[in-house]
Amino acid sequence: MIERIIIIDNVDPVSFYGVNNSNMSLIRTLFPKLRMAARGSVIKVIGDDVETAEFEAKIKQLEEYCIKYNKLTEDVILDIVRGNGPRELKRDDVIIYGVNGKPISGRTPNQQLLVETFNKNDLTFALGPAGTGKTYIAIALAVRALKNKEVRKIILSRPAVEAGEKLGFLPGDMKDKIDPYLQPLYDALEDMIPAVKLKEYMENNVIQIAPLAFMRGRTLNDAIIVLDEAQNTTTHQIKMFLTRLGMNAKMIITGDVTQIDLPRSTSSGLVMALRVLKGVPGIGRIEFGKKDIVRHPLVQRIVEAYERHDKEARDKETEHKRVSRGDIG
């Protein structure tokens, strides 16, 4: 009789063991001659050398499946343990499988183009209105790279622009004051990584979410770096951020140049960067439109209504200037 210790630290224990340890109970019935105990990421098994070796091999196969799909079902366990192999879910367009096995993929042609452009370039600009999924897909690409061990960390950032509220009036310490600006990034991650694993990643700084100001002085190696809401950076801020790019790293910059919250006297760093970096090799650019909006159908109509309003306001301003100059015939 020997004891083997198996570590499954790359998978979320809740997804792997199942609700109320239902998956582990099934595994026990499939290996009746073995004694086993599971706690956290450690499984201890006692029994015959050959049988414990087979058990370890099957657990590793189950772990690989669970890492990929973020779920483990009774059918999958039976297939793998009985030697039939897992039933792979065939979808070529899937970026990753999120929480509970939810497939996350590019739902519009431009979202799919963002995936292709990211694969070909080390710096990608994703531009367009709210609701087009540009940030969501960017984070999905970052999570995929982390799960595939192409990088060691993910860094997500946003400029903490005060849009109507002053930081000083918000309750709590600095983290509490800044977190509301970063909440959309947390929301996306919670869709893609089980809660226990996400907490572990964040505690170990494998996933870092920080305001743009925290990037100064760093060189970001072996990472996928996403800068969201980049239209609200200044020219100095975005230059500082872009020059953080290190070895074996990729950046995705997302933003909407029609939604700039900076003071009127301050130029948008995103607008400047797009102009300065036009044509530079290794930089991709995707422009999303109203047709890419994947939120509630009303969001698209809201965007269109505001565009009409803005156009009417510009036309009136132009006409007013013409009348002021006397350019009427």
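Trainee: Why does Val257 count as partly exposed?
Mentor: In this predicted model, the relative accessibility of Val257 is 39%. Buried needs under 20% and exposed over 50%, with partly exposed in between. The value of 39% is in between, so Val257 counts as partly exposed.

Trainee: Where is Val257 in the chain?
Mentor: Val257 is in the loop between strand 10 (250-255) and helix 10 (269-276).

Trainee: What makes Val257, Ile260 and Val271 a patch?
Mentor: Val and Ile are on the list of nonpolar side chains, and such side chains are joined within 5 Å if the residues have over 30% relative accessible area and no salt bridge. Val257 has 39%, so this residue passes the cut-off of over 30%. Together the three residues of this nonpolar surface patch have about 190 Å² of accessible area.

Trainee: How many helices and strands does the protein chain have?
Mentor: The chain has 11 helices and 11 strands. Helix 3, residues 49-69, is worth going through.

Trainee: How do you know that the span of helix 3 agrees with its number of residues?
Mentor: The expected span is 1.5 Å times one less than the number of residues. For the 21 residues of helix 3 that gives 30 Å, and the end C-alpha atoms are 31 Å apart, so the two agree.

Trainee: Which residues of helix 3 are buried?
Mentor: Among them are Thr52, Phe55, Ile59, Leu62, Glu63 and Cys66. The buried residues cover an arc of only 165 degrees around the axis, which puts them on the same side of helix 3. Val50 and Glu64 are exposed, on the other side.

Trainee: What is found at the start of helix 3, and what just after this helix?
Mentor: At the start, a side-chain oxygen of Asp48 comes to within 2.9 Å of the backbone nitrogen of Val50. Just after helix 3, Asn70 has a positive phi of about 60 degrees.

Trainee: Why is the pair Lys60 and Glu63 called a salt bridge?
Mentor: The cut-off is a side-chain nitrogen of Lys or Arg within 4 Å of a carboxyl oxygen of Asp or Glu. For Lys60 and Glu63 the N to O distance is 3.2 Å, so the pair meets the cut-off. Both residues are in helix 3, three residues apart, and so are separated by about one helical turn.

Trainee: Are Lys60 and Glu63 buried, partly exposed or exposed?
Mentor: Lys60 has a relative accessible area of 30%, so this residue is partly exposed. Glu63 has 5%, and because buried means under 20%, Glu63 counts as buried.

Trainee: What makes Arg4 and Glu56 a salt bridge?
Mentor: Their closest N and O atoms are 3.4 Å apart, and the cut-off is within 4 Å, so the pair counts. Arg4 is in strand 1 (residues 2-7) and Glu56 in helix 3, so the pair ties together parts 52 residues apart in sequence. Glu56 is partly exposed, because its relative accessibility is 25%.

Trainee: How do you know that Asp191 and Lys102 form a salt bridge?
Mentor: Their N to O distance is 3.7 Å, so the pair also satisfies the cut-off of within 4 Å. Asp191 is in helix 7 (residues 174-192) and Lys102 in the loop between strand 4 (94-97) and strand 5 (103-105), so parts 89 residues apart in sequence are tied together. Both residues are partly exposed, because Asp191 has 31% relative accessibility and Lys102 has 41%.

Trainee: How many salt bridges does the structure hold?
Mentor: The structure holds 12 salt bridges.

Note on methods: Residues numbered from 1 in each chain as written. Predicted model: local features only at pLDDT ≥ 70, side-chain atom pairs only at ≥ 80, totals over all residues. Heavy atoms only, no water. Patch = residues over 30% accessible without salt bridge, like charges linked within 9 Å, V, L, I, M, F, W, Y side chains within 5 Å. Areas by Shrake-Rupley, 256 points an atom, 1.4 Å probe, with all protein chains shown as cover. Helix = DSSP H or I, 4+ residues; strand = E, 2+ residues; numbered from the N terminus. Buried < 20%, exposed > 50% of the residue type's maximum accessible area, 1.4 Å probe, protein only. Arc of directions from axis to C-beta. Polar contact = N/O pair within 3.5 Å; in protein donor to acceptor, adjacent residues only side chain to side chain.
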